[in-house]
Amino acid sequence: HTVAGLYPSITHWVIPIFLMPLGIFVAFIQTFVFILLSQLYLSEVSHGAHEEHANHGPESETSEKDHGQSEHTALAVS
């Protein structure tokens, strides 16, 4: 027996017609996820670190001086 003899010829058209929308849906989901991850990566790479923006002020200089003094104090104690 051949495959064509076991199944009616309409089956070779009906099954792909029902599976085609599923394949198209999966393709759209994969495209959406790929674009989303690409945008996330590009946004992280193109922008600098957020800590750099926070250290641009007069208070950052005093905190660095205080940090340096605390290191000297720690060294003097030990």
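The expected span of a helix is 1.5 Å times one less than its number of residues. Keep that handy for the exercises below, which use a predicted model.

**Exercise 1.** Work out how the span of α2 compares with the expected one.

*Solution.* Start with the length: α2 has 36 residues. From first C-alpha to last, α2 reaches 52 Å, close to the 52 Å expected at 1.5 Å a residue. Now look along the helix for a bend: there's one of about 30° at L19, with a proline, P21, following within four residues.

**Exercise 2.** Decide whether F32 is buried or exposed, and find the nonpolar patch it helps make.

*Solution.* First place the residue: F32 sits in helix α2, which covers residues 11–46. Next, apply the cut-off, where exposed means over 50% relative accessible area. F32 has 52% relative accessibility, so it counts as exposed. Then step out to the patch: F32 joins I15, L19, L22, F25, V26, I29, V33, L36, L37 and L40 in a nonpolar surface patch of about 1,100 Å². Finally, check the whole helix: zero of the 36 residues of α2 are buried, so α2 lies largely in the open.

**Exercise 3.** Describe the whole chain, then say which elements have the lowest and highest mean pLDDT.

*Solution.* Count elements first: four helices and zero strands, in the order α-α-α-α. Of the chain's 78 residues, 3% count as buried. Its accessible surface is about 7,500 Å², 70% of it from carbon and sulfur atoms. For confidence, the chain's mean pLDDT is 75, and 53% of residues reach 70 or more. By element, α4 (residues 58–77) is lowest at a mean of 57, while α2 is highest at 93. Where pLDDT is low, don't read the predicted coordinates in detail.

Methods. Residues are numbered from 1 along each chain as its sequence is written. This is a predicted model: local features need pLDDT of at least 70, side-chain atom pairs count only at pLDDT 80 or more; totals for chains, interfaces and linings use all residues. Side-chain values use heavy atoms; hydrogens and water are left out. Patches are made of residues with over 30% relative accessible area and no salt bridge: like charges are joined within 9 Å, nonpolar side chains (Val, Leu, Ile, Met, Phe, Trp, Tyr) within 5 Å. Accessible areas come from the Shrake-Rupley method with a 1.4 Å probe; for residues, only the protein chains shown count as cover. A salt bridge is a side-chain nitrogen of Lys or Arg within 4 Å of a carboxyl oxygen of Asp or Glu. Helices (H or I, at least four residues) and strands (E, at least two) are DSSP runs, numbered from the N terminus. Buried means under 20% relative accessible area, exposed over 50%, partly exposed in between (1.4 Å probe, protein chains only). The bend at a residue is the angle between axes fitted to the seven residues ending there and the seven starting there. pLDDT is the predictor's confidence in each residue, from 0 to 100.
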